[in-house]
Amino acid sequence: MQWSAQQYLKFEDERTQPARDLLARVPLEQAARVIDLGCGPGNSTELLVERYGRDAVSGLDSDDDMLAKARARLPDVTFLKGDLATWRPHRAVDLLYANAVFQWLPNHLDILAALMEHLSPRGVLAVQMPDNLGEASHVAMEETGGDGPWSAAFAGGRIRRARLPSPANYLQRLQPISASVEVWHTVYYHPMADAEAIVAWVEGTGLRPYLAAVAPEQRDAFRAAYLKRIDVAYPPMADGRRLLAFPRLFLVAVKG
């Protein structure tokens, strides 16, 4: 599946706020080697550069369009292409930082535990993931997929990504190999101009696999059907805007 950096960055400020909040909880004032895992178009990498300096930071992503935008944004930073399912650092890292990427990997608990082995002593693994599959925005994707001429493409729920494990699962897996682990949820509330703006938001992330699964000639109809559900699920506030709730899970683990 191809990603669109342009679509993702339509809501850059809102998407970057969780990255700021995650970095604020990282207990490292200095770091010599920092890697932004799933760096996307470089908005999160830029935060890391501001804190630790460009010589300390590099980015990793699997998508060519995202990497092109990241390199244009931060030409003095090294960006590498890699698949997080198999990629591992070649030498110890002080901070492995991942903003909104591991939710796409069903076995990410195993990957996170493996990455802890590649941290320097007192190194930090910092991760943020959307935990919004129960929200109306994502329930409507499933409902739309099952209700139309494209329904065969969604049989068996194979498009829907796996739900995140419970906070207890993260703690139980990472505590034995960590000096400390923090896990928490934050719900962000984004006032959006209208229902169309909510659809534009999810087109940059969660809706993309659904649109990719539909035949090209059916995509406009699928999007229109999804928009109708969103219009109902998110009624206007007094000022006419729609309020998009977006829960996210955070974890910060320090290596012992």
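**Helix packing in a predicted model**

The axes of α2 and helix α3 (residues 43-52) come within 9 Å and cross at roughly 40°. Angles under 35 degrees count as roughly parallel, and this crossing therefore makes α2 oblique to α3. The crossing of these two helices is right-handed. On the α2 side, the contact is made by Glu12, Thr16, Ala19, Arg20, Leu23 and Ala24, and on the α3 side by Asn43, Ser44, Leu47, Leu48, Arg51 and Tyr52. Sorted by class, the contact of α2 with α3 has six nonpolar, three polar and three charged residues. The reader should bear in mind that the model is predicted.

The description just given follows a general pattern: two packed helices are described by the angle between their axes and the distance between the axes. The same two values may now be read for another pair. The axes of helix α6 (residues 136-145) and α10 come within 9 Å and cross at roughly 140°. Angles over 145 degrees count as roughly antiparallel, and α6 is therefore oblique to α10. In this crossing, which is right-handed, α6 passes α10. From α6, the residues Ala136, Ser137, Ala140, Met141, Glu143, Thr144 and Gly145 meet Phe222, Ala225, Tyr226, Arg229, Ile230 and Ala233 of α10. The contact of α6 with α10 comprises eight nonpolar, three polar and two charged residues.

Helix α10 also takes part in a further pairing. Helix α8 (residues 195-203) and helix α10 (residues 219-233) have axes that come within 9 Å and cross at roughly 120°. Angles of 65 to 115 degrees count as roughly perpendicular, and α8 and α10 are therefore oblique to each other. Here α8 passes α10 in a right-handed crossing. The residues of α8 in this contact are Ala195, Glu196, Ile198, Val199, Ala200, Val202 and Glu203, while those of α10 are Arg223, Tyr226, Leu227, Ile230 and Asp231. By class, the contact of α8 with α10 has eight nonpolar, no polar and four charged residues. Tyr226 and Ile230 of α10 thus appear in the contact with α8 and also in the contact with α6.

Charged side chains form another kind of link. The count comes to 13 salt bridges. One of them joins Glu182 to Arg25, with the closest N and O atoms 2.9 Å apart. This pair links distant parts of the chain, for Glu182 lies in strand β6 (residues 178-192) and Arg25 in the loop between α2 (12-24) and β1 (34-37), 157 residues apart.

Finally, a database record may be set beside the model. An unreviewed UniProt entry lists residues 34-123 as "domain: Methyltransferase". In the model, the end C-alpha atoms of residues 34-123 lie 10 Å apart. The span is 32% helix and 28% strand.

How values were computed. Residues are numbered from 1 along each chain as its sequence is written. This is a predicted model: local features need pLDDT of at least 70, side-chain atom pairs count only at pLDDT 80 or more; totals for chains, interfaces and linings use all residues. Side-chain values use heavy atoms; hydrogens and water are left out. Axes are lines fitted to C-alpha atoms, for helices over the stretch in contact, and angles run from 0 to 180 degrees between N-to-C directions. Helices (H or I, at least four residues) and strands (E, at least two) are DSSP runs, numbered from the N terminus. A crossing is left-handed if the near helix is turned anticlockwise from the far one by less than a right angle, and right-handed if clockwise. Contact means heavy atoms within 4.5 Å. Ala, Val, Leu, Ile, Met, Phe, Trp, Tyr, Cys and Pro count as nonpolar, Asp, Glu, Lys and Arg as charged, and the others, Gly among them, as polar. UniProt positions are given in the numbering used here, feature names are shortened, and annotations may be inferred rather than shown by experiment. A salt bridge is a side-chain nitrogen of Lys or Arg within 4 Å of a carboxyl oxygen of Asp or Glu.
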